[in-house]
Amino acid sequence: MVSLSNSLVLASLVPSHHNLTYHLIVIVLSALAAFIPRYFPMRFFTNRKIPEWFNEWMKYVPVSLFTALVVKGIFVDSKYHLIVDKLHLFGNTIMVYGLASYLIAAVCVGLVAYFTRSMLSSVIVGLGVVWLLSITIGV
C-alpha cells in the first residue's frame with residue numbers, strides 16, 4: 001500500500017504548469033541543444049580549409065532532404081505503407097500510387113520551378129493547385 005507521504009513525494013517530482021525553475025531549466029537545456037550542433041562545426045572549420053569535394057557534395061544535401069520529405073508526404077502514410085489513391089475522371093476510376101491531388105500539385109510546382117526558377121512562384125502555384133483541387137473535387 002502506498003502511503004500519503006510517498007504519493008506527495010511523487011507528486012512533487014511531476015512538473016507543474018506554475019513551476020518557474022522547471023521552465024527555466026527546460027529553456028536553458030533547449031538553448032544548449034540548439035546552440036551546440038551549430039557552434040562546434042563552425043568552431044572546428046573556422047581555421048581549416050574545407051576540401052573542394054566536400055563543398056560539391058554539400059550542394060546536394062538541401063535538395064535531397066527536401067525531395068525525401070516531399071516523396072514521403074506524397075507516397076507514404078504515417079504507418080509507412082504505400083498510399084494507393086483512386087482518381088475519378090470522366091466516369092473512369094484510375095488507381096494512382098500516392099495522393100492524387102498532391103501528385104498533380106507536385107507536377108505543377110515542378111513545371112513552374114523549372115521554367116521560372118522562382119521559389120515564391122512555385123510555393124504560390126502549389127498552394128493554389130492544392131486549394132483548387134480541395135474545393136473542386138474535395139480531396
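**Helix 5 and a salt bridge**

In this predicted model, the buried residues of helix 5 are Ala100, Ser101, Ala105 and Val112.

Colleague: How many degrees of arc around the axis of helix 5 do these residues cover?
Modeller: Ala100, Ser101, Ala105 and Val112 are buried in helix 5. They lie on the same side of the helix, because the arc they cover around the axis is only 135°.

Colleague: Which exposed residues does the face of helix 5 turned away from its buried side carry?
Modeller: A residue counts as exposed when its relative accessible area is over 50%. On the face of helix 5 turned away from the buried side, the exposed residues are Val107 and Tyr114.

Colleague: Which elements are included in what covers the buried residues of helix 5?
Modeller: The buried residues of helix 5 include Ala105 and Val112. Among the elements covering the buried residues are strand 1 (84-89) and helix 6 (119-136).

Colleague: How far apart are the end C-alpha atoms of helix 5?
Modeller: Helix 5 runs over residues 100-116 and has 17 residues. At 1.5 Å a residue it should span 24 Å. The distance between its end C-alpha atoms agrees with this, at 24 Å.

Colleague: Is lysine 59, in the salt bridge with glutamate 56, buried or exposed?
Modeller: Side chains of opposite charge can pair when their charged atoms come close. The side chains of glutamate 56 and lysine 59 form a salt bridge, with 2.9 Å from N to O. Glutamate 56 is partly exposed, at 34% relative accessibility. Lysine 59 has a relative accessible area of 52%, and therefore counts as exposed.

Technical notes:
Residues numbered from 1 in each chain as written. Predicted model: local features only at pLDDT ≥ 70, side-chain atom pairs only at ≥ 80, totals over all residues. Heavy atoms only, no water. Salt bridge = Lys/Arg side-chain N within 4 Å of Asp/Glu carboxyl O. Buried < 20%, exposed > 50% of the residue type's maximum accessible area, 1.4 Å probe, protein only. Helix = DSSP H or I, 4+ residues; strand = E, 2+ residues; numbered from the N terminus. Expected span 1.5 Å × (residues − 1). Arc of directions from axis to C-beta. Contact = heavy atoms within 4.5 Å.
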